[in-house]
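Me: I have a structure to go through with you. Please explain how each label is earned.

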Amino acid sequence: MVLLVARKSADTGCMNIIVLGAGIIGISTAWHLRERGHQVTVVDRQAGPALETSFANGAQISVSYCEPWANRQAPWKALKWMFDKEAPLLFRPQLDAAQWRWCLQFLAQCNDKAFARNVQQIVALGAYSHAALKDVVRKTGIEFERLERGIAHFYSSQQAFDEAAEGVELMRRYGVQRRLVSREELLKIEPAFTPYADHIAGGTFTETDESGDARIFTEKLAQLCADAGVDFLYQQDILSLQPARSGKPASVRIRATSGGAARTLIADALVVACGSYTPLLLAPLGVKAPIYPGKGYSATLPLLQPDKAPVVSSIDDSRKVAMSRLGNHLRVAGTIELGGFDMRLDTPTARARCEMLVRRVEELMPGVCDTRLPEEGGDPQFWCGLRPATPTNIPCIGATQAQGIWINAGHGTLGWTHGAGSGKAMAALISGEQPALDFGFWGQSPRHAAIRPVGVSA
């Protein structure tokens, strides 16, 4: 069966566009496309929005804490951590050519020149996206456990604190007002860490960052999209894509997850925003998206002493974990595991990483959260998600070489930070405009002239 989702209106210049994926990236894309007057259909295999990578992330909107994973120390740290189940970055070798290809590309970025080049683009997208998020919130009034109190990063060793000064200087060079703070000042900013004070050497702080629940935001924005006329097709497996050619539009083959006959949807443009699964859909078209899944973990813990719980979103440098207050709960998230598409939470490695998160919370602020494990009578909400990582940590946004097929994926740990801006930029590109930021969109380099999107006149 072939369904005509819609075609471009010759009178208005508006198009009918299919967005594949209903996470923060896909829903933000749908919102901005609809705001420009396009007809939009969103397709996802889940029963609703934000049920995969956007479900329980670290909750930080961190424009200022966005350094690429690839730096000159990364290869040695990765080797050192290979046999540590609790390591911040755990490489689990697989018989997978995609993994090894990604790792080689990653190693090529582990130098100072590449690091500076990559961080400049990531910060540019972050600033653009933060402004876009504020604009959406201002227009819609969406509430999502938002706290505009900045982000603090604390260090447990003097050496790490001394090295942090380099990062502060680098980020300030690109307009990020991150600053060094002493232990005493850090504890004034966030008194919740006072019980751990003897182990804190100092920290950094950026007032302009914030935190909030990405899942709640995405769910509410999806509802507003629906109210504005966006169509949603949930519980649909995406089988294959077909680019536009010989006068025929692009199309996507889908089938209900419950089974039944497959059907084909056609439209003027398809936006692939399927996170870590994006390369699997694009590879048959000859599009090589350098995205590999990085498995991240989180625990959401009930507060026992809300008055002693943190209200400033924080990063613990020694464990590379983020902590954010979400109402009467604390979200603690972190670690990256490069081991394919394994989503299990019951393996020895997964259990060790989840238990490390709750143990660390108890070490930092004893008695503040219910950190008991399930076997101890507690109810920690453990979760894992596949962060779609690129070797540069720069997401893939723009028109692919497959006619009518666009990509908006590869945001790694910064999907929540970059979501609103990525959706806004995608909508602008499809509409034939160049977004107002210095960023290398797919097929472009920073500061290059605007491309002309497929099917859109100048």
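**Labels and their reasons**

Me: This is a predicted model. What makes tyrosine 155 count as buried?

Reply: Its relative accessibility is 6%. Buried means under 20%. Therefore tyrosine 155 counts as buried.

Me: Why is the pair of tyrosine 155 and phenylalanine 161 called tilted?

Reply: The ring planes are 40° apart. Stacked needs under 30 degrees, and edge-to-face needs over 60. The angle fits neither, so the pair is tilted. The centres are 6.3 Å apart, and the limit for a pair is within 6.5 Å.

Me: Is phenylalanine 161 buried or exposed?

Reply: Buried. Phenylalanine 161 has a relative accessible area of 15%, and the cut-off is under 20%.

Me: What makes phenylalanine 232 and tyrosine 234 a stacked pair?

Reply: Their planes differ by 20°. Under 30 degrees counts as stacked. Their centres are 5.5 Å apart, and pairing requires centres within 6.5 Å.

Me: Why does tyrosine 234 count as partly exposed?

Reply: Its relative accessibility is 22%. Buried is under 20% and exposed is over 50%. The value for tyrosine 234 lies in between, so partly exposed is the term.

Me: How many aromatic pairs does the whole structure have?

Reply: The search finds 11. There is also an aromatic cluster made of Trp102, Phe106 and Tyr292.

Me: How do you know that arginine 45 lies over the face of tyrosine 277?

Reply: Arginine 45 is 4.4 Å from the ring centre. The limit is within 6 Å, and the charge must also be within 35 degrees of the ring normal. Arginine 45 is placed over the face of tyrosine 277.

Me: How many disulfides are there?

Reply: Zero, in a search of the whole structure. Cysteine 66 is in none, and its nearest cysteine sulfur, in cysteine 110, is 17 Å away. A disulfide needs two sulfurs within 2.5 Å. Cysteine 66 is also buried, at 4% relative accessibility.

Me: Why does cysteine 110 have no bond to cysteine 103?

Reply: The sulfurs are 10.0 Å apart, too far for a bond. The cut-off is within 2.5 Å. Cysteine 110 is buried too, with a relative accessible area of 13%.

Me: Why is helix α10 called largely enclosed?

Reply: Of its 16 residues, 15 are buried, so the rest of the structure largely encloses α10. This helix covers residues 415-430 and bends by about 30° at glycine 421. Just after α10, glycine 432 has a positive phi of about 90°.

How values were computed
Residues numbered from 1 in each chain as written. Predicted model: local features only at pLDDT ≥ 70, side-chain atom pairs only at ≥ 80, totals over all residues. Heavy atoms only, no water. Buried < 20%, exposed > 50% of the residue type's maximum accessible area, 1.4 Å probe, protein only. Bend = angle between axes of the 7 residues up to and from the residue. Helix = DSSP H or I, 4+ residues; strand = E, 2+ residues; numbered from the N terminus. Phe/Tyr/Trp six-rings, centres within 6.5 Å; stacked < 30°, edge-to-face > 60°.
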